2 protein chains.
Amino acid sequence: MNFQQLRSVREAARRGYNLTEVANALFTSQPGVSRQIRELEEELGIDIFERNGKRLTGLTEPGKEVLHIVERLLLEAENLQRAGETYSGKTTGTLSIAATHTQTRYVLPRAVQHFRTAFPDVRIALQQSAPEHIAEWVLSGKADIGIATEGLSRFEGLVSFPCYEWHHVIVVPDGHPLLAVKSVTLELLAQYPLITYDIGFTGRSHIDQAFTEQQISPDIVLTAMDSDVIQQYVTMNLGVGIVASMAAEHLPANLHPIPANHLFASNVTRVAVRRGAFLREYAIDFIQQLAPKLKLNELAEAVNWRR
Amino acid sequence: MNFQQLRSVREAARRGYNLTEVANALFTSQPGVSRQIRELEEELGIDIFERNGKRLTGLTEPGKEVLHIVERLLLEAENLQRAGETYSGKTTGTLSIAATHTQTRYVLPRAVQHFRTAFPDVRIALQQSAPEHIAEWVLSGKADIGIATEGLSRFEGLVSFPCYEWHHVIVVPDGHPLLAVKSVTLELLAQYPLITYDIGFTGRSHIDQAFTEQQISPDIVLTAMDSDVIQQYVTMNLGVGIVASMAAEHLPANLHPIPANHLFASNVTRVAVRRGAFLREYAIDFIQQLAPKLKLNELAEAVNWRR
DNA sequence: TATCCTTACGGAATTCGTAAGCATG
DNA sequence: CATGCTTACGAATTCCGTAAGGATA
């Protein structure tokens with residue numbers, strides 16, 4: 001058993017069982033990959049892959065179990081590498097962050113700027129994606145850190161920490177009737193067409209929840225994944241916007257914020273890492289930047305309690 | 001990075017940093033081991049071991065972190081082997097069980113007998129030890145299964161399941177005054193010298209607890225790790241014995257049991273496996289033999305939830 | 001017939017053990 | 001001076017890529 005065999009198996013599963021592609025990905029020859037896989041299968045005494053004639057078509061039942069273990073093995077191997085890099089005082093490396101648009105656009109810039117000065121030699125890979133995919137990315141090791149407001153705490157394989165709390169804010173264009181109202185109510189709000197986030201994004205669930213509780217059906221005419229798009233359509237007078245407070249901090253001159261703390265439940269943005277991951281010094285630093293209240297030993301314990 | 005390097009590091013830490021010994025254990029040459037370790041250190045860019053001149057004396061700070069990861073890696077590798085053996089339908093292998101004396105003596109014989117007929121080609125390694133060590137053995141992978149009444153549930157790295165419930169029983173020799181009493185009380189019992197288990201063994205904590213709650217100080221004249229010794233001394237009229245009900249089932253003719261269900265809290269014997277371990281079919285069978293109420297999917301989930 | 005996997009083979013690189021050298025308690 | 005680690009070197013093994021062969025959509 002060796003690591004090249006394990007890499008071949010993992011890559012084969014990831015790349016749709018096409019060994020030619022696997023060979024390219026691993027910078028080796030196709031017969032080599034073929035051999036690695038067969039040798040591992042022989043050593044374990046089982047078929048890992050289903051074969052249709054000569055072509056691989058999928059995983060066998062035992063193969064699925066094997067793949068799980070192989071993934072864990074390779075993740076631990078990466079942990080080992082990173083441990084080495086950390087303690088050898090290397091400041092180079094890559095910090096891979098998966099975050100939603102809202103985080104990437106309004107929250108991360110400050111953290112990234114600080115990070116750049118603190119660790120100038122570390123490359124940052126920002127992966128913007130939907131909350132449900134962020135968890136996947138972190139679980140698979142493709143991202144070191146995941147940041148989102150929804151859907152991170154459901155995964156056993158992740159440890160997540162609260163970063164900060166925020167509210168939704170109503171955004172209207174110049175001269176909108178709501179600007180004259182002292183305290184906006186949900187009923188009032190529901191009289192206008194609304195523009196807000198897609199389901200599953202940026203606290204959308206709390207918006208729906210608020211309306212449902214008061215048995216009001218809002219007229220949501222348009223949803224988007226990001227606040228810029230929402231603002232764009234509010235400017236075009238298509239409706240009243242509901243965006244995250246972070247997005248409402250720097251509005252263009254023709255748009256105006258109206259507080260909505262009293263209407264929608266507050267949201268907590270969380271940062272997540274894979275349970276058992278070895279975190280580089282700079283990754284820990286970045287997390288602490290995002291969640292300043294988080295104690296270092298809390299973090300270490302939560303991530304490594306598996307020991 | 002390769003597995004031989006990892007094995008060398010682990011073995012070095014286990015064998016007191018004597019590379020000559022490590023070489024023997026791994027059936028290779030001493031310079032080979034030396035090289036493996038140095039190459040891994042070079043690849044990771046750190047010193048794993050403290051050196052005093054040429055000799056290894058211990059782990060460096062980073063080395064401790066590295067060792068943790070290495071241990072996990074090698075355990076996963078063993079999991080992979082076992083997965084192969086399981087699915088390839090091999091009935092050979094070894095089931096390593098760590099248990100207390102009481103379990104080994106009175107509970108395991110039946111399970112082992114059943115196991116021998118079901119899996120005649122699997123060797124059984126019974127490791128008898130103190131409860132606190134059982135957890136260690138299972139955690140380190142030296143034992144597949146641990147069985148004890150105390151001290152298994154405290155470990156995050158273990159998953160444990162209840163096997164069966166039992167009580168303590170009072171044991172007295174022929175003609176003892178307690179035999180004439182209808183229902184023994186703690187006060188009455190405390191008037192005699194007592195012989196029972198060592199602290200930390202076989203439900204001893206529940207015995208102490210019962211006396212403490214009634215503010216009685218029993219006169220425990222002798223403690224032992226196992227029931228045979230206790231019975232021996234009861235026979236010699238040194239005092240009244242308190243043993244596990246399993247041990248009182250087959251008493252010699254000159255000793256007599258007196259129920260004590262009403263005096264001491266009942267005990268639950270538990271079986272534990274390492275979280276994330278891959279369990280061979282026969283190991284699962286053995287566990288089910290011990291804990292018949294345990295559902296298969298419960299077990300699988302608890303052990304592998306890490307995925 | 002184009003794609004994809006296997007087999008065969010030979011050269012290259014790695015690995016490993018022996019023997020000798022050196023440090024330490 | 002005995003134990004224990006390192007260095008040096010050569011042999012053996014393993015590894016890997018190229019080229020050819022065969023199966024399948």
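Is F278(B) buried or exposed? F278(B) is buried, with a relative accessible area of 8%. That takes us into the ring pairs of this predicted model, but the symmetry and the DNA are worth a look too.

## Rings that reach across the chain

F278(B) has a ring partner, Y87(B): the centres are 6.3 Å apart and the planes stand at 55°, so the pair is classed as tilted. Y87(B) belongs to helix α4 (residues 61–87) of chain B, while F278(B) sits in the loop between β12 (267–274) and α10 (281–290), so the pair ties together parts that are 191 residues apart in sequence. Unlike its buried partner, Y87(B) is partly exposed, at a relative accessible area of 37%.

Over all chains, the count comes to 15 aromatic pairs. Take F115(A) and F286(A): with 5.5 Å between the ring centres and 80° between the planes, this pair is edge-to-face. Here, too, distant parts of the chain are linked, since F115(A) is in helix α5 (residues 101–118) of chain A and F286(A) is in helix α10 (residues 281–290) of chain A, 171 residues apart. Both F115(A) and F286(A) are buried. Ring pairs also bring in F119(A) and Y282(A), making a cluster with F115(A) and F286(A).

## A lysine over a tryptophan

Next, look at W137(A). The charged end of K142(A) sits over its ring, 5.3 Å from the centre. Chain B has K142(B) over the face of W137(B), at 5.3 Å from the ring centre.

## How the two copies sit together

To lay chain A on chain B, you need a rotation of 179° and a shift of 0.1 Å along the axis, and the fit has an RMSD of 0.2 Å. The two copies are thus related as by a two-fold rotation axis. Want a landmark for that axis? L73(A) is the residue of chain A that comes closest to it, with its C-alpha at 2.9 Å.

The interface tells a matching story. Of the interface residues of chain A, 100% are also interface residues in chain B, so the copies meet through the same surface.

## Around DNA strand D

Strand D is surrounded by 20 residues, and the closest are S29(A), Q30(B), S34(B), K54(B) and R55(B). Of the strand's atoms that come within 4 Å of the protein, 55% are sugar and phosphate. Phosphate oxygens of strand D have polar side-chain atoms from both chains beside them: T28(A) at 2.9 Å, S29(A) at 2.8 Å and T20(B) at 3.1 Å. The elements giving two or more residues to the surface near this strand are α3 (30–44) of chain A plus α2 (19–25) and α3 (30–44) of chain B. α3(B) gives the most, with four residues.

## Around DNA strand C

Strand C also has 20 residues around it, with Q30(A), S34(A), K54(A), R55(A) and S29(B) coming nearest. Sugar and phosphate make up 56% of the strand C atoms within 4 Å of the protein. Polar side-chain atoms of chain B lie by phosphate oxygens here, with S29(B) at 2.9 Å and Q36(B) at 3.0 Å. A base is involved as well: one of its oxygens is 3.1 Å from a side-chain N or O atom of R55(B).

As for the elements, α2 (19–25) and α3 of chain A and α3 of chain B each supply at least two residues of the surface near strand C. On this strand α3(A) gives the most, with four residues.

Conventions
Residues are numbered from 1 along each chain as its sequence is written. Chains are lettered from A and ligands numbered from 1 in the order in which they are written. This is a predicted model: local features need pLDDT of at least 70, side-chain atom pairs count only at pLDDT 80 or more; totals for chains, interfaces and linings use all residues. Side-chain values use heavy atoms; hydrogens and water are left out. Copies are superposed by least squares on the C-alpha atoms of residues with pLDDT of at least 70 in both. Contact means heavy atoms within 4.5 Å. Rings of Phe, Tyr and Trp (its six-membered ring) pair if their centres lie within 6.5 Å; planes under 30 degrees apart count as stacked, over 60 as edge-to-face and the rest as tilted. Buried means under 20% relative accessible area, exposed over 50%, partly exposed in between (1.4 Å probe, protein chains only). A charge sits over a ring if NZ of Lys or CZ of Arg is within 6 Å of the ring centre and within 35 degrees of the ring normal. A residue is near a molecule or strand if one of its heavy atoms lies within 4 Å of it. A polar contact is a pair of N or O atoms within 3.5 Å; within protein, one must be able to donate a hydrogen and the other to accept it, and residues adjacent in sequence count only if both atoms are side-chain atoms.
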